[in-house]
Amino acid sequence: LGVSEPRIYGEVMAFGLREKARHLVNMLRPELVGDRANVPPLSSDAFSNFGIHDCHIHNREVFEATQRLRRKIIPTLAKQLEAYEVTPSSGQQLTDLMHSRGINVRYMGLLRSMIKYTNTSAVLILTEMIRRVCKILLRLRLR
């Protein structure tokens with residue numbers, strides 16, 4: 001049995017919530033934990049029942065990576081968007097920009113909350129969030 005690629009990047013710290021099978025879907029982006037990020041390799045079994053050996057070390061490393069994402073990387077991108085240092089003009093460009101910084105799309109709401117509403121990037125983020133929700137609802141109705 002092989003390990004799927006997303007499993008090797010480590011689980012996102014769930015901020016105290018331990019939902020069943022969360023460790024299988026809430027992964028960090030490879031750009032966040034790859035060689036370029038100067039982050040030590042993270043255990044893909046952190047915050048799961050699989051990683052019993054040295055779990056306190058692995059959980060702490062993943063927690064720190066998640067905190068760095070939420071407290072440094074996302075706010076930095078928000079400041080750059082607000083200052084028009086980077087200006088995505090479509091939802092795809094926004095997604096690519098977030099991914100290139102190691103930010104999962106599920107953090108779009110957090111990114112949006114850090115930008116003034118009058119900024120064009122904030123409008124683009126909100127539009128992309130609505131588009132994604134509509135897509136999900138449409139797919140559910142078509143099943």
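User: Which pattern does the protein chain follow when read along the sequence?
Analyst: This is a predicted model. The secondary structure of the protein chain comes to 5 helices and 0 strands. Read along the sequence, the pattern is therefore α-α-α-α-α.

User: Where is the place of Asn119?
Analyst: Helix 4 covers 108-113 and helix 5 covers 120-141. Asn119 lies in the loop between helix 4 and helix 5.

User: Is Asn119 buried or exposed?
Analyst: The relative accessible area of Asn119 is 4%. Buried means under 20% relative accessible area. Asn119 therefore counts as buried.

User: Which backbone nitrogen does the side chain of Asn119 reach, and which residues is Asn119 in contact with, leaving aside its neighbours within four places in sequence?
Analyst: With those neighbours left aside, Asn119 is in contact with Leu81, Glu82 and Tyr84. At 2.7 Å, the side chain of Asn119 reaches the backbone nitrogen of Ser121.

User: Is Val133 buried or partly exposed?
Analyst: Val133 is found in helix 5. Its relative accessibility is 46%, and the partly exposed class lies between 20% and 50%. Val133 therefore counts as partly exposed.

User: What accessible area do Val133, Ile136, Leu137 and Leu140 have together?
Analyst: These four residues, Val133, Ile136, Leu137 and Leu140, form a nonpolar patch on the surface. Together their accessible area is about 380 Å².

User: What share of the area exposed by the protein chain do carbon and sulfur atoms supply?
Analyst: Of the 143 residues of the protein chain, 41% count as buried. The chain exposes about 9200 Å². The share of this area from carbon and sulfur atoms is 57%.

Notes:
Residues numbered from 1 in each chain as written. Predicted model: local features only at pLDDT ≥ 70, side-chain atom pairs only at ≥ 80, totals over all residues. Heavy atoms only, no water. Helix = DSSP H or I, 4+ residues; strand = E, 2+ residues; numbered from the N terminus. Buried < 20%, exposed > 50% of the residue type's maximum accessible area, 1.4 Å probe, protein only. Polar contact = N/O pair within 3.5 Å; in protein donor to acceptor, adjacent residues only side chain to side chain. Contact = heavy atoms within 4.5 Å. Patch = residues over 30% accessible without salt bridge, like charges linked within 9 Å, V, L, I, M, F, W, Y side chains within 5 Å. Areas by Shrake-Rupley, 256 points an atom, 1.4 Å probe, with all protein chains shown as cover. Salt bridge = Lys/Arg side-chain N within 4 Å of Asp/Glu carboxyl O.
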